[in-house]
4 protein chains.
Amino acid sequence: MRIGVVGLGRMGANISRRLMRAGHSAVVWDANPAPVEALGGEGAVAAGGLADLVEKLPDSPKAVWVMLPHGRITEDTVNTLSGLLSRGDIIIDGGNTYYKDDVRRGRALAEKGLRYLDVGTSGGVWGLARGYCLMIGGDPDAVQHLDPIFAALAPGPGTIERTPGREGRDPRAERGYTHAGPVGAGHFVKMIHNGIEYGMMQAMAEGFDILRNRASDTLPADERFDLNLADVAEVWRRGSVVTSWLLDLTADALAKDEHLSAFSGEVADSGEGRWTIEAAIEEAVPAEVLAASLFTRFRSRQQHTFAEKVLSAMRFGFGGHVEPGKT
Amino acid sequence: MRIGVVGLGRMGANISRRLMRAGHSAVVWDANPAPVEALGGEGAVAAGGLADLVEKLPDSPKAVWVMLPHGRITEDTVNTLSGLLSRGDIIIDGGNTYYKDDVRRGRALAEKGLRYLDVGTSGGVWGLARGYCLMIGGDPDAVQHLDPIFAALAPGPGTIERTPGREGRDPRAERGYTHAGPVGAGHFVKMIHNGIEYGMMQAMAEGFDILRNRASDTLPADERFDLNLADVAEVWRRGSVVTSWLLDLTADALAKDEHLSAFSGEVADSGEGRWTIEAAIEEAVPAEVLAASLFTRFRSRQQHTFAEKVLSAMRFGFGGHVEPGKT
Amino acid sequence: MRIGVVGLGRMGANISRRLMRAGHSAVVWDANPAPVEALGGEGAVAAGGLADLVEKLPDSPKAVWVMLPHGRITEDTVNTLSGLLSRGDIIIDGGNTYYKDDVRRGRALAEKGLRYLDVGTSGGVWGLARGYCLMIGGDPDAVQHLDPIFAALAPGPGTIERTPGREGRDPRAERGYTHAGPVGAGHFVKMIHNGIEYGMMQAMAEGFDILRNRASDTLPADERFDLNLADVAEVWRRGSVVTSWLLDLTADALAKDEHLSAFSGEVADSGEGRWTIEAAIEEAVPAEVLAASLFTRFRSRQQHTFAEKVLSAMRFGFGGHVEPGKT
Amino acid sequence: MRIGVVGLGRMGANISRRLMRAGHSAVVWDANPAPVEALGGEGAVAAGGLADLVEKLPDSPKAVWVMLPHGRITEDTVNTLSGLLSRGDIIIDGGNTYYKDDVRRGRALAEKGLRYLDVGTSGGVWGLARGYCLMIGGDPDAVQHLDPIFAALAPGPGTIERTPGREGRDPRAERGYTHAGPVGAGHFVKMIHNGIEYGMMQAMAEGFDILRNRASDTLPADERFDLNLADVAEVWRRGSVVTSWLLDLTADALAKDEHLSAFSGEVADSGEGRWTIEAAIEEAVPAEVLAASLFTRFRSRQQHTFAEKVLSAMRFGFGGHVEPGKT
């Protein structure tokens, strides 16, 4: 198939490449001409703008994969495309859009007869080689129509052992993509994926923090251990319960430098972790761990919170306690 | 009555003073001669050492109030006193001893015929004027014997409105002291008091942090408020649900400086907050808030945790994300 | 002054009463005729509907206090009033409206020349006697115009000790009301008040839970205490750090029944606790304790979460662990 | 090699089998004769008691692997063995002993010239086939001596991709076992492994809970998704960031029954999760997620906490709020 790809950052460019490797054709465009040219040199059809890109998609329905940062730029691009496309054409948002924006957008596009798919796309820097895990929301016919595209992008069954009891269930999930539900469902599932990711990362991070601080000389000498964190991470990769890709990555980083001294300790968060908590609250589902994981990232980016000063002020008030650094 | 007071830091000295103001007599000693002399000038009987202090307590049973930092120094002092006192005499530990140490110590002293009372003492810098809230563990007869002492130290009913339905209940609680149970129970109750204190403080602190950051220019202009925190704290002191002494102290600090700029943000924690979590775990009681309150204090004393570096290392691994400050 | 009061539930009715006791006049209406009649019998002017209520406010600017559950009914009432009132008139929303709704509503009303005040009102069942703590957002002139109303509703300075250092600060806060900022600021401050309330309550609740479970016979006999919770709560009311109205209420409840057996354990939450977390997330402020306090309420209303079943399913998967109740 | 194995529950029996499959010989004993007989039938040397077991180990140093529930029974068995063994012999505790008990025990045995190894053993029901991940503490010579045993029990490198940068590092970690440090270090690392496991499980569980409750009819119709959890779990197994063994197990369970209706929702916890928090507290390391994961398990085993009743009692006190179920 031939589809358009708008947005040629790392994700968009590699998606185009993976499609081409599978025998599909990509008409590509980006506001930055460099990646357009580069992809052109790799066999993609370089477009000169959105109108030109749409023009270069001859088949009907046309399909355009938008792979841009969520927010204004995705919104504007979708709007412009909606003026260039015709009834039945398909716009795919492969970015990290908030599912409520998908719902709103899907409704607006449906009024014009356009079909909108929200595709949560996981894979990061590894997607080109490993394939992308795809969580798709939207019209079943459109999803069916684009099945060859999704199948090409997804990792496929690979060497991963089959889950017993999946006979009779949708075979796409085993190939690494799923049609989760109507518009919004794809990004919703991806959002929760990221929420879980935050929690699993934080669990791992706290554990290694406790391991590392076991060497502290404030502890009794025979309860103090100077553990080799690289070896610990490595040993857990085989036969333990915490075996996971996140552990592999941790083992990787610790094998390079057990002190992780290249990392400042400031940790960014993206929308999904935040929206996950909002979704939990809307549903009245307790989500202590996912929330705490988000909050530790907030905390990591500040030297001190105002909350901490309030604590010290109270302690000074009731007990005359003077914290270090008080002026 | 005449009792001995060992340890004349702020708490011990003021306890002596409050006892004397109520007509009792205090025989005082401290390793540091200055407060001994000072208290002597205020009417206390200055002792030249533990043996002299015990000597200067003529009545039987003798009672000595130990008011020292918990741990080694309290342990040693109690041990020394146990060699100087006689059957039926009473040692009071008014410090912040771990209740399991009380239990062990009480058992050892009982074998010598000595009576041990653990008295959780709350009041801080305000105790001399407001009185001390006392949570007492140990032998009922010893507690009864020292009732005049406890009554003098406690705040008394004051102007605080009576709780309906207390008819027929132990009147001591309304006067600010309670006999909580056998040895250890006093410090156990005080420990939980401090655990709750941590949680209430943290709740207050987080709320003021959210209020303060509402002025952030990352927010939409009409959802951004530059709130006067001193006025907010003050207004809540009257008629709101969060009315509390901790709020009074917060209002106090914010009236002096809304930015609390004298405080670095590093917050100490003492044993009680930690032991509270251990007690919860022993009992399998969920204590999310008390634990989180402790952890934020741990976090406040570090520039960055190793956990945060682990997070960044994973993010770099799976997504190529480069956090600020990465080298 | 004479103002209109719409909504005569417990809060609205008592607000009307408190205004009348201070010499003001209230024109009252409610969809339910009973409280209208009742208030009429107490000296209020009974209105036959919103139009009649507006009619019965002779002075300009007219002011109507809406005291209804937040959401649709408040929205509709404000909309109807906005069609009945004239330029410069004032609508007060004293309910628990989401501050973002205030911002939107205030903007819409301003286009019609109407003034909108959002007044966070704390006081519950005690407000009539103690006065209401008022947190006000909106146009300064309108706030100034209604100062006699706010002063009458607020608790006044009372017997609460003055905060040192408040000289030169806005005196209204000491009388129990504050003008927090533009439209939305009042409900924002009230929202955070409730968020803090959740956290303080949860801290207290966890502490008493640990105290109570100390009697468990799974603990070593000499570390097991059968504590009198009513006495513990009572003793903390005097001289301790956790002295607070919430503690008073706890002491009250425990004095009536130490087992609190009348309470099922299901705990409701209202919007404010949820919105507080959303505000924290918008500001990237860590709010572990406030979030955990919300989540425990969510949890309290379920027999079991699906999350717990997922945990058991994993445990069964990796370890063959069979939890109690497994079929 | 020939070693003794004491305790033939699932773990001990399968350890014996895995050793025999690798050509080693096991002298086995259990208080329950059935598994002794069974293992005897599979080629193990059946012992008639501890003395007989020690007798049947001809080589020096003798080595006995104790695989019993932690606590009293392990303690007693180790004590008995210590009376039967000779200088230089080795006792291995493969159970889940608290590392502080190891430290104490190791010291006592060292005084008798015995060597004690604490071996954290992960593998559960899968260990026989997959191999056991081993975390070893104790004397390096003893660890070296038993290397063939550890190598046989561990999973070996398998098909798991090599971590780049491990050249020059201890090769044992890549084969699934590690010598973590002196006595106690093995169980310490295993303990933290379990702590992390709790956190990762809870993250996963919360995520699936939010996914499942997205079908709730309290949500707006177009933000409501009836997601197929089995497919979601399955799709994440390929190419996503949360790929892990725990996810595999979840996919497994959900493929069998999306409602997990066989599971009651009560979740047990073992010592390691609790001790992990204690270790974090000793080190002043924040561990919000690991603690919250423990607390949700505590909560899962109660119908209601007393804390929740305290909350309701306060809400009734300040607001007259009557929760469902109040009498």
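Hi everyone. Let me start inside chain D, where eight strands form an open sheet in the order E3-E2-E1-E4-E5-E6-E7-E8, with mixed pairing. At the edges stand strand E3 (45-46) and strand E8 (177-181) of chain D; each has a single partner strand, so one side of each is left without a neighbour in the sheet. Before I go on, please keep in mind that this is a predicted model.

Let's look at one pairing in that sheet. Strand E4 (residues 63-66) and strand E5 (residues 90-93) of chain D run parallel and are joined by 4 bridges. If you want a place to put your cursor, try D:Trp65, which stands opposite D:Ile92 in E5(D).

Now over to chain C. Here too there is an open sheet of 8 strands with mixed pairing, and the order reads E3-E2-E1-E4-E5-E6-E7-E8. Strand E3 (45-46) and strand E8 (177-181) of chain C are the edge strands, each with a single partner, so one side of each has no neighbour in the sheet. In this chain I'd like to show you another pair: strand E5 (residues 90-93) and strand E6 (residues 115-122) of chain C, which pair in the parallel sense over 4 bridges. Within that pair, C:Ile92 sits opposite C:Leu117 in E6(C).

So much for the sheets; on to how the chains meet. I'll take chain A with chain D to begin with. How many residues does each chain bring to this contact? Chain A gives 94 residues, and chain D gives 94 residues. Between them, chain A and chain D bury about 7,800 Å², with 64% of that on carbon and sulfur atoms. On the chain A side, the residues that lose the most area to chain D are A:Ile210, A:Arg238 and A:Val241, together 10% of what that side buries.

What about charges and polar groups? There are 11 salt bridges between chain A and chain D. One of them joins the side chains of D:Arg166 and A:Asp231, at 2.8 Å from N to O. The count of residue pairs in polar contact between chain A and chain D is 40, with both residues at pLDDT 80 or more.

Several elements of chain A give two or more residues to the side that touches chain D, including strand E7 (133-137), strand E8 (177-181), helix H9 (185-213) and helix H10 (229-236). Which element gives the most? That is H9(A), with 19 residues. Sorted by class, this side of chain A has 47 nonpolar, 22 polar and 25 charged residues.

And the symmetry? Chain A can be laid on chain D by a turn of 180 degrees and a shift of 0.0 Å along the axis, with an RMSD of 0.1 Å. That is the relation of a two-fold axis. If you'd like to find the axis on screen, go to A:Ser244: of the residues of chain A, its C-alpha comes closest to the rotation axis, at 1.9 Å. The same surface serves both copies, as 100% of the contact residues of chain A recur in chain D.

Right, the other interface: chain D with chain C. Here 59 residues of chain D are in contact with 59 residues of chain C. The area buried between chain D and chain C is about 5,200 Å², and carbon and sulfur atoms give 66% of it. In chain D, three phenylalanines lose the most area to chain C, namely D:Phe263, D:Phe306 and D:Phe318, together 16% of what that side buries.

How many salt bridges does the rule find across the interface of chain D and chain C? The count is 0. Polar contacts are found there, with 20 residue pairs, both residues at pLDDT 80 or more.

On the chain D side, the elements giving two or more residues are helix H9 (185-213), helix H11 (245-256), helix H13 (288-300) and helix H14 (306-319). H14(D) gives the most, with 14 residues. By class, the residues on this side of chain D divide into 26 nonpolar, 18 polar and 15 charged.

Last, the symmetry of this pair. A turn of 180 degrees with a shift of 0.0 Å along the axis lays chain D on chain C with an RMSD of 0.0 Å. Of the residues of chain D, D:Gln303 comes closest to that rotation axis, at 3.4 Å by its C-alpha. And 100% of the interface residues of chain D are also interface residues in chain C, so the copies meet through the same surface.

Thanks for listening!

Terms used. Residues are numbered from 1 along each chain as its sequence is written. Chains are lettered from A and ligands numbered from 1 in the order in which they are written. This is a predicted model: local features need pLDDT of at least 70, side-chain atom pairs count only at pLDDT 80 or more; totals for chains, interfaces and linings use all residues. Side-chain values use heavy atoms; hydrogens and water are left out. Contact means heavy atoms within 4.5 Å. Buried area is the accessible area (1.4 Å probe) that two parts lose on being put together, summed over both. A salt bridge is a side-chain nitrogen of Lys or Arg within 4 Å of a carboxyl oxygen of Asp or Glu. A polar contact is a pair of N or O atoms within 3.5 Å; within protein, one must be able to donate a hydrogen and the other to accept it, and residues adjacent in sequence count only if both atoms are side-chain atoms. Ala, Val, Leu, Ile, Met, Phe, Trp, Tyr, Cys and Pro count as nonpolar, Asp, Glu, Lys and Arg as charged, and the others, Gly among them, as polar. Two strands pair if DSSP finds at least two bridges between them. Copies are superposed by least squares on the C-alpha atoms of residues with pLDDT of at least 70 in both.
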